[in-house]
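The following exercises ask the reader to examine a protein chain step by step. Please keep the sequence and the three-dimensional view at hand while working through each solution.

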Amino acid sequence: MTTIQGVFYPTGYAFIMFPDAENAENAAQKLETAGFGGQNVMLLTPEVILQEIGKVDGESTVPLPSVGTEGATVHKYIDLARDGHHALMVKAPSDKDSERLMSIIREFPFSYGQKYHMLAIEDLE
């Protein structure tokens, strides 16, 4: 789920961040109940976000290279993960899937959301 340059870019997925584990877990359960299959909803802890997506080792302050919008987005994920935010990565390939996803997510306090299209990243509100 990376570009040729190795930047995180999961096409067809939404990446939604929550200020705490409880809201992320509750949103994940509601999504699964609403028909988003268990394998299509991934809960990511701050540690996973930092290590696997941000490629940050512990509390390193070494800046990542900026690679356009993708790099700026990953920097935002890192900043929120350092503050303890958790994330859901949800497979939502169609616009209809995204609308259905967001109708559920809006029931919870989320801090940041992005949808990865083939050639663009969309802010989710």
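Phe108 has a relative accessible area of 15% and is buried (buried means under 20% relative accessible area, exposed over 50%, and partly exposed in between, with a 1.4 Å probe and protein chains only). The model is predicted; local features need pLDDT of at least 70, side-chain atom pairs count only at pLDDT 80 or more, and totals for chains, interfaces and linings use all residues. Residues are numbered from 1 along each chain as its sequence is written, and side-chain values use heavy atoms, with hydrogens and water left out.

**Exercise 1. Describe the surroundings of Phe108.**

Step 1. Locate the residue: Phe108 lies in the loop between helix 4 and strand 4. Helices (H or I, at least four residues) and strands (E, at least two) are DSSP runs, numbered from the N terminus.

Step 2. List the contacts, a contact being heavy atoms within 4.5 Å. Not counting residues up to four places away in sequence, Phe108 touches Phe18, Asn23, Asn26, Ala27 and Lys30.

Step 3. Compare sequence with space. Phe108 and Asn26 are 82 residues apart in sequence, and their C-alpha atoms are 8.4 Å apart.

**Exercise 2. Find the salt bridges of the whole structure and state where their partners lie.**

Step 1. Apply the criterion: a side-chain nitrogen of Lys or Arg within 4 Å of a carboxyl oxygen of Asp or Glu. The search of the whole structure yields two salt bridges.

Step 2. Examine the pair of Lys30 and Glu107, whose closest N and O atoms are 2.4 Å apart. This pair links distant parts of the chain, 77 residues apart: Lys30 belongs to helix 1 (residues 21–33), and Glu107 to the loop between helix 4 (95–105) and strand 4 (112–116). Lys30 is partly exposed at 36% relative accessible area, and Glu107 is also partly exposed, at 46%.

Step 3. Examine the pair of Asp97 and Arg100, which meet at 3.8 Å, N to O. These two residues are three apart in helix 4, so about one helical turn separates them. Asp97 counts as buried at 19% relative accessibility, whereas Arg100 counts as partly exposed at 33%.

Step 4. Consider a further partner of Arg100. Arg100 lies over the face of Phe36, 4.2 Å from the ring centre; for such an arrangement, NZ of Lys or CZ of Arg must be within 6 Å of the ring centre and within 35 degrees of the ring normal.

**Exercise 3. Determine how strand 4 is covered and which strands pair with it.**

Step 1. Check burial: five of the five residues of strand 4 are buried. Tyr112, Gln114 and Tyr116 are on one side, and Gly113 and Lys115 are on the other.

Step 2. Identify the partners; two strands pair if DSSP finds at least two bridges between them. Strand 1 (residues 13–18) pairs with strand 4 in the antiparallel sense over four bridges, and Met17 stands opposite Tyr112. Strand 5 (residues 121–123) pairs with strand 4 in the antiparallel sense over three bridges, with Tyr116 opposite Ile121.

Step 3. Trace the connection: a hairpin of four residues joins strand 4 to strand 5.

**Exercise 4. Which residues are linked into a cluster by ring pairs?**

Step 1. Count the pairs: the structure holds six aromatic pairs. Rings of Phe, Tyr and Trp (its six-membered ring) pair if their centres lie within 6.5 Å; planes under 30 degrees apart count as stacked, over 60 as edge-to-face and the rest as tilted.

Step 2. Classify one pair. The ring centres of Phe8 and Tyr116 are 5.8 Å apart and the planes stand at 75°, so this pair is edge-to-face. Phe8 lies in the segment before strand 1 and Tyr116 in strand 4, so the pair ties together parts 108 residues apart in sequence. Phe8 is buried at 8% relative accessibility, as is Tyr116 at 1%.

Step 3. Name the cluster: its members are Phe8, Tyr9, Phe15, Tyr77, Tyr112 and Tyr116. The charged end of Lys76 sits over the ring of Tyr112, 5.3 Å from its centre.

**Exercise 5. Assess the confidence of the model.**

Step 1. Take the average of pLDDT, the predictor's confidence in each residue from 0 to 100. The protein chain has a mean of 87, and 89% of its residues reach 70 or more.

Step 2. Find a weak region: pLDDT stays under 50 over residues 62–67. Where pLDDT is low, the predicted coordinates should not be read in detail.
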